[in-house]
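Open the model in your viewer and switch to a cartoon representation. The tour begins at a single side chain and then moves outward to the sheet and the helices.

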Amino acid sequence: MTTAATTSRDLPHPARDEIRLEGILHALADPMRLQIVRELATDGGELSCSRFDLPVTKSTTTHHFRVLRESGVIRQIYRGTAKMNALRRDDLDGLFPGLLDTLLDAAARQAFRLGD
């Protein structure tokens, strides 16, 4: 069961035991969402939504962040007026050891190969 938001500024996230492999793979199959995750992994901390310069509309960007949050890949919280994003690395590594690092490494190798 997904944890319910208690206020309009609390965002629902799946509990650790609700995170599913197929949800993660679906979320990361999209190039924009994979780019977001790569940037979060490189930074290692929290980044605001406005920090990402994606070549899509604001509503599409919001959709991508929601898919990542609802699949359990990222955690989003408000800090003041900024919505901050962080990888749920501890949860993902605990449930699927090595998966995130393997996917990030493969994405980096592909980006290099394609000149991205």
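**First stop: Ser71**

Select Ser71, which is buried because its relative accessible area is 10%, under the 20% cut-off. Keep in mind that this is a predicted model. Ser71 lies in helix H3.

Show the side chain of Ser71 and the backbone of Leu68. A polar atom of the Ser71 side chain lies 3.0 Å from the backbone oxygen of Leu68.

Which residues is Ser71 in contact with, leaving aside its neighbours within four places in sequence? Select Pro14, Ile19, Gly23, Ile24 and Ala27: Ser71 is in contact with each of these.

**Second stop: the sheet**

Now select residues 47-48, 74-79 and 82-87, which are strand S1, strand S2 and strand S3. The three strands make an open sheet with antiparallel pairing, and their order across it is S1-S3-S2. S1 and S2 are the edge strands, each of them pairing on one side only.

Zoom in on S2 and S3. Six bridges join this antiparallel pair. For one position to inspect, pick Ile74 and look across to Leu87 in S3, which stands opposite.

**Third stop: the helices across the sheet**

Add helix H2, residues 31-43. H2 lies across S1, S2 and S3, and runs at about 80° to S3.

Finish with helix H3, residues 58-71, the helix that holds Ser71. H3 lies across S2 and S3, and its angle to S2 is about 115°.

Terms used
Residues are numbered from 1 along each chain as its sequence is written. This is a predicted model: local features need pLDDT of at least 70, side-chain atom pairs count only at pLDDT 80 or more; totals for chains, interfaces and linings use all residues. Side-chain values use heavy atoms; hydrogens and water are left out. Two strands pair if DSSP finds at least two bridges between them. Helices (H or I, at least four residues) and strands (E, at least two) are DSSP runs, numbered from the N terminus. Contact means heavy atoms within 4.5 Å. Axes are lines fitted to C-alpha atoms, for helices over the stretch in contact, and angles run from 0 to 180 degrees between N-to-C directions. Buried means under 20% relative accessible area, exposed over 50%, partly exposed in between (1.4 Å probe, protein chains only). A polar contact is a pair of N or O atoms within 3.5 Å; within protein, one must be able to donate a hydrogen and the other to accept it, and residues adjacent in sequence count only if both atoms are side-chain atoms.
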